[in-house]
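The following exchange sets computed values beside the definitions that give them their names.

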Amino acid sequence: MANLSVGIVGLPNVGKSTLFNALLKKQVALEANYPFATIEPNVGVIEVPDARLPVLAEIVKTQKIVPAIVEFYDIAGLVKGASKGEGLGNKFLSHIREVAAIIHVVRLFEDKNVSHISDQINPAQDLQIIEEELMFADLGTLDKQKEPRNNASKEETAMYQLVQRVKTRLNEGVPVRNQGLSSEDLVMIRQLNLLTIKPVIYCVNCSLEQIENAEETERQVRVILGSLNDTRIDSGQARMTENFMLFNPLVETTLDVMIKKAYETLNLISFLTGGEKEVRAWTITKGTLAPQAAGVIHTDFEKKFIKADIVTYEDFKQAPGWLKARESGLVQIVGKDYEMREGDIVEFKIGA
């Protein structure tokens with residue numbers, strides 16, 4: 001099962017390591033008031049909070065609970081020119097390629113004791129620097145794609161044409177995720193592992209006063225993000241400006257909020273399994289069919305899938321348990337075309 005991996009990025013001294021430490025609720029990353037305090041990405045593997053799991057464990061009489069997990073990567077600060085190797089640019093950009101989504105930390109708070117790389121607090125400019133560096137890096141990747149030979153296959157020709165289209169839009173300042181690519185295009189270009197194709201959550205590092213005035217601060221943030229996106233978002237992509245959260249290290253920041261944002265951004269849901277051995281949460285993409293969900297547990301299960309018993313969490317809790325849920329007619333028997341839903345409790349029936 002692939003873990004949900006999220007990279008925390010931003011300019012130096014905007015609060016990336018502070019956010020990382022708040023999420024992990026322990027001091028794992030070095031916090032220092034100078035650029036490049038983080039050289040290697042700190043990786044934190046943490047549990048996804050799920051109040052349903054201990055309830056299931058009590059019903060099925062097991063001590064073992066295995067939650068879904070998320071990996072947070074604290075990636076060192078990017079600077080202007082990172083795509084050309086400035087700072088420790090190339091290394092950091094390669095770290096970003098490994099993650100499924102990006103948390104982009106931007107500094108809104110004023111504090112003379114915490115230096116800023118450009119000596120002024122300008123969130124719109126800071127956001128633009130990171131966005132441009134990621135786009136420049138993607139252009140570098142696309143420039144390496146060779147024009148197909150005369151005897152090229154239809155697929156090779158289509159890929160090259162797609163690369164040219166994506167390059168044109170990047171040169172116009174449109175990140176790949178906002179180019180309105182079709183699902184077929186996205187499948188084709190996935191192999192290039194482009195940086196600006198990854199979904200972004202903007203995490204705005206605020207003062208306590210800015211947090212207390214959340215309504216006004218959120219209005220300010222929407223203006224800042226709007227200036228970044230401006231008219232460069234294709235029709236239907238404008239919801240990106242809502243994909244942000246406010247943060248202050250002295251305010252209790254719940255992991256639940258960040259996980260929920262990450263799950264929404266990546267279009268993920270969880271299904272649950274429960275028996276005497278363990279109860280467990282499994283992460284899948286929304287729209288996954290039952291056989292593919294079974295394959296998340298074990299690759300052989302997808303090929304040998306016969307059917308699945310499904311019951312909702314509420315019904316399982318109310319019954320309680322598999323036996324009484326079956327006796328009450330609460331268990332649905334589904335086949336290969338069943339689309340998994342958030343919180344489904346499942347028993348897969350697998351052939352020999």
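**Strands, cores and aromatic pairs**

Q: What makes β10 and strand β11 (residues 332–334) a pair?
A: Three bridges join these two strands, which run antiparallel; pairing requires that DSSP find at least two bridges between the strands, so β10 and β11 qualify. Within β11, Ile333 is the bridge partner of Asp309. Strands here (E, at least two residues) and helices (H or I, at least four residues) are DSSP runs, numbered from the N terminus.

Q: On what kind of model do these statements rest, and which residues and atoms count?
A: This is a predicted model, in which local features need pLDDT of at least 70 and side-chain atom pairs count only at pLDDT 80 or more, while totals for chains, interfaces and linings use all residues. Residues are numbered from 1 along each chain as its sequence is written, and side-chain values use heavy atoms, with hydrogens and water left out.

Q: How many bridges support the pairing of β10 with strand β12 (residues 345–350), and in which sense do they pair?
A: Six bridges connect β10 and β12, in the antiparallel sense. Lys307 stands opposite Lys349 of β12.

Q: Why is strand β10 (residues 305–311) described as mostly covered?
A: Five of its seven residues are buried, that is, under 20% relative accessible area (exposed is over 50%, partly exposed in between; 1.4 Å probe, protein chains only).

Q: Why is helix α1 (residues 16–24) said to be largely enclosed?
A: Seven of its nine residues are buried, so the rest of the structure largely encloses α1. Among the buried residues are Leu19, Phe20 and Leu23.

Q: Where does the largest nonpolar core lie, and why?
A: This core has 65 residues, of which Leu19, Phe72, Ile96 and Ile103 touch the most other members. Domain 1 (5–266) and domain 2 (287–350) both contribute residues, so the core lies between them; the domain bounds come from an automatic or database domain assignment. A nonpolar core is a set of buried Ala, Val, Leu, Ile, Met, Phe, Trp, Tyr and Cys residues joined through side-chain atoms within 4.5 Å. Another core, of 16 residues, lies apart from it and includes Phe271 and Trp282.

Q: Which residues does Ile103 touch?
A: Leaving aside residues up to four places away in sequence, the contacts of Ile103 (heavy atoms within 4.5 Å) include Leu19, Phe72, Cys203 and Met258.

Q: Why is Cys203 not bonded to Cys206?
A: The sulfur of Cys206 is the closest cysteine sulfur to that of Cys203, yet it is 8.3 Å away, too far for a bond; a disulfide requires two cysteine sulfur atoms within 2.5 Å. The whole structure holds zero disulfides. Cys203 counts as buried because its relative accessibility is 0%, and Cys206 counts as buried at 1%.

Q: What makes the pair of Phe271 and Phe348 edge-to-face?
A: Their planes are 90 degrees apart and their centres 5.9 Å. Rings of Phe, Tyr and Trp (its six-membered ring) pair if their centres lie within 6.5 Å, and planes over 60 degrees apart count as edge-to-face, under 30 as stacked and the rest as tilted; the pair therefore meets both criteria. Phe271 is in strand β8 (residues 268–274) and Phe348 in strand β12, 77 residues apart. Phe348, at 15% relative accessibility, counts as buried.
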